[in-house]
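Subject: The structure, and what I found in it

Hello,

Here is the structure I promised to pass on to you. Have a look at it first, and then read on for my notes.

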Amino acid sequence: MLTEEQGRHVREHLSEEELTIFDILTRPGPELSTEERDEVNKVARQLLERLNTLLVLGWRRKVQARAGVRLAIEDALDEGLPRAYAKEVYQTKCNMLFEHVYESYIGGKSLYTEAA
């Protein structure tokens with residue numbers, strides 16, 4: 001039997017990895033409608049697809065690679081997040097996501113693939 005938290009990624013139609021990105025983007029705030037939550041859902045999915053091509057072996061040691069990852073995050077959020085995200089919130093979410101990616105994707109692999 002799945003716990004409430006374990007079942008969330010199934011309910012949200014997201015992988016555990018996508019759900020983590022979704023949570024970073026939605027917690028704490030902003031308040032979102034169901035339609036806006038769906039948009040954030042889509043952003044989480046698309047961002048992961050984009051990042052998978054950028055997170056190569058040694059990406060954390062290369063200034064250009066790190067900049068590419070940060071830019072991909074900023075572009076994905078800028079293109080996909082609903083208007084509920086004010087400029088300051090957008091910037092905070094970009095920074096939080098980059099920190100998450102930096103800590104979670106080492107050596108071209110994510111902690112999610114290692115846990116699986």
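Glu88 and Glu103 of helix α5 are exposed, and the other side of this helix is where the buried residues are found. Those buried residues are Tyr90, Lys93, Cys94, Leu97, Phe98, His100, Val101 and Ser104. They cover an arc of only 160° around the axis, so they sit on the same side of α5. The length of the helix also works out: with 18 residues at 1.5 Å a residue, α5 should span 26 Å, and its end C-alpha atoms are indeed 26 Å apart.

Before you go further, please keep in mind that this is a predicted model. The mean pLDDT of the protein is 87, and 81% of the residues score at least 70. Among the elements, α4 has the highest mean pLDDT, at 96, while helix α6 (residues 111-115) has the lowest, at 56.

Now for the overall picture. The protein has six helices and two strands, and from the N terminus on they follow the order α-α-α-α-α-β-β-α. Of its 116 residues, 40% are buried. If you take the contacts between residues at least 6 apart in sequence, 63% of them join residues at least 24 apart.

What about the interior? The largest nonpolar core contains 29 residues, and Leu25, Ile73 and Leu77 have the most contacts inside it. Helices α2 (16-26), α3, α4 and α5 (87-104) each give two or more residues to this core. Ile73 is a good place to start looking: leaving aside residues up to four places away in sequence, Ile73 touches Leu47, Leu51, Cys94, Leu97, Phe98 and Val101. Cys94, Leu97, Phe98 and Val101 are among the buried residues of α5.

Ala72, in helix α4, is worth a visit too. Ala72 is buried, as its relative accessible area is 7%. Not counting residues up to four places away in sequence, Ala72 touches Leu47, Arg50, Leu51 and Leu54. Ala72 and Leu51 are 21 residues apart in sequence, yet their C-alpha atoms are 7.2 Å apart in space.

How many salt bridges does the structure hold? There are two. One of them pairs Glu79 with Arg50, with 3.1 Å between the closest N and O atoms. Since Glu79 belongs to helix α4 (residues 63-80) and Arg50 to helix α3 (residues 34-54), this pair ties together parts that are 29 residues apart in sequence. Glu79 is exposed, with a relative accessible area of 58%, whereas Arg50 is partly exposed at 30%. Another salt bridge joins the side chains of Asp23 and Arg27, at 3.8 Å from N to O. Here Asp23 is buried, with a relative accessible area of 16%, and Arg27 is partly exposed at 45%.

Arg27 also brings us to a pair of peptide bonds that you may want to inspect. Most peptide bonds are trans. The bond that joins Arg27 and Pro28, however, is cis, with omega about -15°. The peptide bond from Gly29 to Pro30 is cis as well, with omega near 0°. Where are these prolines? Pro28 is in the loop between α2 and α3, and Pro30 lies in the loop between α2 and α3 too.

Thr26 is found in helix α2. Is Thr26 buried or exposed? With a relative accessibility of 11%, Thr26 counts as buried. Apart from residues up to four places away in sequence, Thr26 touches Leu32, Val40, Tyr85 and Lys93. Lys93 is one of the buried residues of α5.

One last stop is Val56, in the loop between α3 and α4. Val56 has a relative accessibility of 42% and counts as partly exposed. Along the chain, Val56 and Ile106 are 50 residues apart, while their C-alpha atoms are separated by 8.9 Å.

Happy exploring, and do write if anything is unclear.

Best wishes

Technical notes
Residues are numbered from 1 along each chain as its sequence is written. This is a predicted model: local features need pLDDT of at least 70, side-chain atom pairs count only at pLDDT 80 or more; totals for chains, interfaces and linings use all residues. Side-chain values use heavy atoms; hydrogens and water are left out. A salt bridge is a side-chain nitrogen of Lys or Arg within 4 Å of a carboxyl oxygen of Asp or Glu. Buried means under 20% relative accessible area, exposed over 50%, partly exposed in between (1.4 Å probe, protein chains only). Helices (H or I, at least four residues) and strands (E, at least two) are DSSP runs, numbered from the N terminus. A nonpolar core is a set of buried Ala, Val, Leu, Ile, Met, Phe, Trp, Tyr and Cys residues joined through side-chain atoms within 4.5 Å. Contact means heavy atoms within 4.5 Å. pLDDT is the predictor's confidence in each residue, from 0 to 100. The expected span of a helix is 1.5 Å times one less than its number of residues. The arc is that of the directions from the helix axis to the C-beta atoms.
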